[in-house]
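The exercises below are meant to be worked with the sequence and the coordinates side by side. Please attempt each task before reading the solution that follows it.

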Amino acid sequence: SAGLSLLLPPAVPGLKFDQEIMNLQSQGVDGAIIIGPTPLRKQVVSLIDNCGIPVVCADSYSAFTQASTVDRDNVTSMKIGVEHLVTQGHSRIMYFGSSPVYQCFVDRMRAFCEVKQDNDLPVDENTVRILEADRVPNLLKEVLSRDARHTAIVCADEPFGIVAWHTITS
């Protein structure tokens, strides 16, 4: 009997994941979905291309074109979130994010800026901060100590959000 396989790539790529891809067809699987950022090593790409069954990578990297992919809509998600803040009366909204080396960060930052511009809100070095997550606590404390402080902080991803939350609540 044929079936579907669901694979979760390991945080640290290893032989077991590679072996699982190689063994899919021999296990009677006629399709696979790989969930999460897929290791983009040449060997993994080659295994996906040559495993003999259709493979879809969900929530992978959008630049990963060697297999069919389904990705989050980072642009729409960010726009909906920031538009919500604007409709709630926030006009001093700040963005914290890491260097936009991955497409998801480019998309999120672009969408943040577009919503602010569409609402005639400033987009400058005071409202968009690109930094490492470990610098968030000090910068956030400084930002929150200003007289005309920001009323909302938007974080590019979960690690930034967690650091910001701990800083604000401590």
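For the packing of helices, an axis is a line fitted to the C-alpha atoms over the stretch in contact, and angles run from 0 to 180 degrees between N-to-C directions. The model is a predicted one.

**Exercise 1. Lay out the secondary structure of the protein and describe its burial and contacts.**

Solution. Begin with the elements, which come to six helices and seven strands, and follow them from the N terminus, where the order reads β-α-β-α-β-β-α-β-α-β-α-β-α. Next, turn to burial: of the 170 residues, 36% are buried, while the accessible surface comes to about 9,900 Å², with 53% of that belonging to carbon and sulfur atoms. Finally, take the contacts with a separation of 6 or more, 61% of which are between residues 24 or more positions apart.

**Exercise 2. Describe how helix α3 and helix α4 pack, and state which residues make the contact.**

Solution. Locate α3 at residues 74-87 and α4 at residues 103-118; their axes lie 8 Å apart and form an angle of about 35°. The crossing of α3 past α4 is right-handed. On the α3 side the contact is made by N74, V75, M78, K79, V82, E83 and V86, and on the α4 side by C104, D107, R108, R110, A111, F112, E114 and V115. Sorting these residues by class then gives eight nonpolar, one polar and six charged.

**Exercise 3. Work out the strand order of the open three-stranded sheet, and find the helix that packs on this sheet.**

Solution. The strands are arranged in the order β6-β5-β7 with parallel pairing, and the edges are β6 (128-130) and β7 (152-155), each of which pairs on one side only. From one strand to the next, the twist averages 20°. Helix α5, residues 136-144, packs on the sheet and touches β5, β6 and β7, its direction making about 170° with that of β5.

**Exercise 4. Trace the bridges between β5 and β7, and decide which residues of β7 lie on the covered face and which on the uncovered one.**

Solution. Strand β5 (residues 93-97) runs parallel to β7 and is joined to β7 by four bridges; among them, I93 is partnered with A152 and Y95 with V154. In a regular strand, side chains alternate between the two faces of the sheet. In β7, A152 and V154 belong to the covered face, whereas I153 and C155 belong to the uncovered one. The two β7 partners named above, A152 and V154, are thus the residues of the covered face.

Note on methods: Residues numbered from 1 in each chain as written. Predicted model: local features only at pLDDT ≥ 70, side-chain atom pairs only at ≥ 80, totals over all residues. Heavy atoms only, no water. Left-handed = near helix turned anticlockwise from the far one by under 90°. Contact = heavy atoms within 4.5 Å. Nonpolar A, V, L, I, M, F, W, Y, C, P; charged D, E, K, R; others polar. Pairing = 2+ DSSP bridges. Buried < 20%, exposed > 50% of the residue type's maximum accessible area, 1.4 Å probe, protein only. Areas by Shrake-Rupley, 256 points an atom, 1.4 Å probe, with all protein chains shown as cover.
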